[in-house]
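Welcome, and please open your viewer. We will go stop by stop, with something to select at each one.

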Amino acid sequence: SNDGEVIKMKKVLIIGAGFLQDFVIVKAKQMGYEVHTVDADPNAVGFQHADHYGVVNIVDEKACLEYARENKIDGVLTAATDYGVLTAAYIAREMGLPGLKYEVAQLIKNKYQVRKCLFENHVDDTEQAYEVHRDTNIEELANKIVYPVMVKPCDGSGSRGASRVDKAKDLKEACKYAMDGSITDRAEIETFIVGKEYGAETLVINGEVHVLGIMQKWMTNPPYYAELGHSIPTDLKKEVEAKAKKCVENAIKALAVNFGSVNMDMLITEDGKVYIIDIGARMGGNMIGPCIIPYGKGIDYMAAMIQNAVGDSVDLSVKDHCAVATKLLAFKDGIVTKLPDMNKVEEKFGVEIYHHLKKGMKVNEYHTNLDGCGYIVARANTQKEAVEKAEKVLDYFKEVLFED
Ligand SMILES: Nc1ncnc2c1ncn2[C@@H]1O[C@H](COP(=O)(O)OP(=O)(O)O)[C@@H](O)[C@H]1O
Ligand SMILES: [Mg+2]
């Protein structure tokens, strides 16, 4: 035996230290890793829980690599932010750590390239897609495409810049709106799908694809396309959920994702057609990592993600689970006049609440994810009960927060 040998904790670097990354930081600490994190915001919440941090912009690949090298990290990952995906892949490549191939990270970043790849590999039921930039002749294109279409930034997130177009004459404005929301000035046009929205969360370990869960999603009414909540289980028929799972696996193979988390949005039509509409090579946002997968599937997803990143053996064992539903704290314009004691609310309704509400705070009508004030997480025996429980708490907040 190695009596007296000092066991060195592996060092994990988490790219980003905001609200959702903080759950991963806390988890990694609990698991006994030495936790490092970087974020441009000197007040990032995750800094409080990490062992070491650097105030570094997470899109600055070289600066993040320098931090990683100086601290001799053993693994790197990002969670719930698209901005960290390339940087994590870059550091992994440069330091020879487990990670997503850099070329794959680059491909995933562009919605049009992803769509093209899925189409060429017959992964799902999607048809037309076009990419436009500032020089594209949109009038010409407008007469060629089949309406209705969805126009969105090629590199968007949180549903910013996305809009539906029904007529040729409205295409130009929608393209401008989407390009304005893109850091690369690029927009994608694709067939508008009428269906219900679902999500899929997957972890790729040594090239092996593990679909951890298919989630039902609730969205705002048009013209906004923002997430209002999730649940496990879904309302899908068994065979349709199985088809969705197969599409997810095929998409990941077609895109050659070799490592880590993959979060997808899908639209599924009444007749069971599956359309993959959005892919991120990172953990999903909106409490998917900390609550939805562990509560709904019994898998300690964030722990598995971290183990995977540092090259430890990954535990995907299934523990107790039940139905789970989340609701975004999404409101109309208003000022928060009253903040109830959240512990009491949690106790009274039997839910968990995660929020950044403050008394006197101005709340914007919920149009994109950025307008959300937090989450209600409800567990119950059935999907219906869980959803109703979460909705009840949301109704309570709508009433109590904005009283004059
Ligand atoms: N082709 C489409 N047809 C219908 N709705 C769509 C389509 N593409 C996107 N949407 C809606 O817009 C939302 C945002 O689009 P998405 O591609 O997921 O962008 P983001 O990266 O901002 O999440 C989706 O969740 C969905 O509700
Ligand atoms: Mg999306």
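Start by selecting Lys10, which sits in the segment before strand E1 (11–15). Keep in mind throughout that this is a predicted model. Is Lys10 buried or exposed, or something in between? Lys10 is partly exposed, because its relative accessibility is 29%. Now add Asp74 to the selection: 64 residues separate Lys10 and Asp74 along the chain, yet their C-alpha atoms are 6.0 Å apart.

**Colour by domain**

Next, give each domain its own colour: domain 1 (11–97), domain 2 (102–119 + 194–296), domain 3 (127–191) and domain 4 (322–404). Note that domain 2 is written as two stretches, 102–119 and 194–296. If you place C-alpha centres on domain 1 and domain 3, you will find 34 Å between them.

**Ligand 1 and its shell**

Now select ligand 1 and show its surroundings. How many residues surround ligand 1? There are 18, and the closest are Lys111, Lys152, Ser159, Glu190 and Glu197. Your domain colours help here, since domain 2 and domain 3 each contribute at least three residues to this shell. Switch to a cartoon view and pick out strands E6 (149–153), E8 (187–191), E12 (260–268) and E13 (274–280); each of them supplies at least two shell residues. Colouring the shell by class gives seven nonpolar, five polar and six charged residues.

Zoom in on some individual contacts:

- Lys111: a polar atom of its side chain lies 2.6 Å from an oxygen atom of ligand 1.
- Ile193: here a backbone N or O atom is 2.8 Å from a nitrogen atom of the ligand.
- Asp265: an N or O atom in its side chain is 3.0 Å from an oxygen atom of ligand 1.

With those contacts on screen, turn on the surface: ligand 1 taken alone exposes 540 Å², and the protein buries 94% of that.

**The magnesium ion**

Keep Asp265 selected and add ligand 2, the magnesium ion. Which residues are its protein donors? They are Asp265 (OD) and Asp278 (OD), at 2.0 to 2.2 Å from the ion. Asp265 belongs to strand E12 and Asp278 to strand E13, with the two 13 residues apart.

Finally, compare the accessibility of these two donors. Asp265 is buried because its relative accessible area is 10%, under the 20% cut-off. Asp278 counts as partly exposed because its relative accessibility is 23%.

Note on methods
Residues are numbered from 1 along each chain as its sequence is written. Chains are lettered from A and ligands numbered from 1 in the order in which they are written. This is a predicted model: local features need pLDDT of at least 70, side-chain atom pairs count only at pLDDT 80 or more; totals for chains, interfaces and linings use all residues. Side-chain values use heavy atoms; hydrogens and water are left out. A residue is near a molecule or strand if one of its heavy atoms lies within 4 Å of it. A polar contact is a pair of N or O atoms within 3.5 Å; within protein, one must be able to donate a hydrogen and the other to accept it, and residues adjacent in sequence count only if both atoms are side-chain atoms. Accessible areas come from the Shrake-Rupley method with a 1.4 Å probe; for residues, only the protein chains shown count as cover. Helices (H or I, at least four residues) and strands (E, at least two) are DSSP runs, numbered from the N terminus. Ala, Val, Leu, Ile, Met, Phe, Trp, Tyr, Cys and Pro count as nonpolar, Asp, Glu, Lys and Arg as charged, and the others, Gly among them, as polar. Domain bounds come from an automatic or database domain assignment. Donors are N, O and S atoms within 2.8 Å of the metal (3.2 Å for Na, K and Ca); water is not among the atoms, so sites may look incomplete. Buried means under 20% relative accessible area, exposed over 50%, partly exposed in between (1.4 Å probe, protein chains only).
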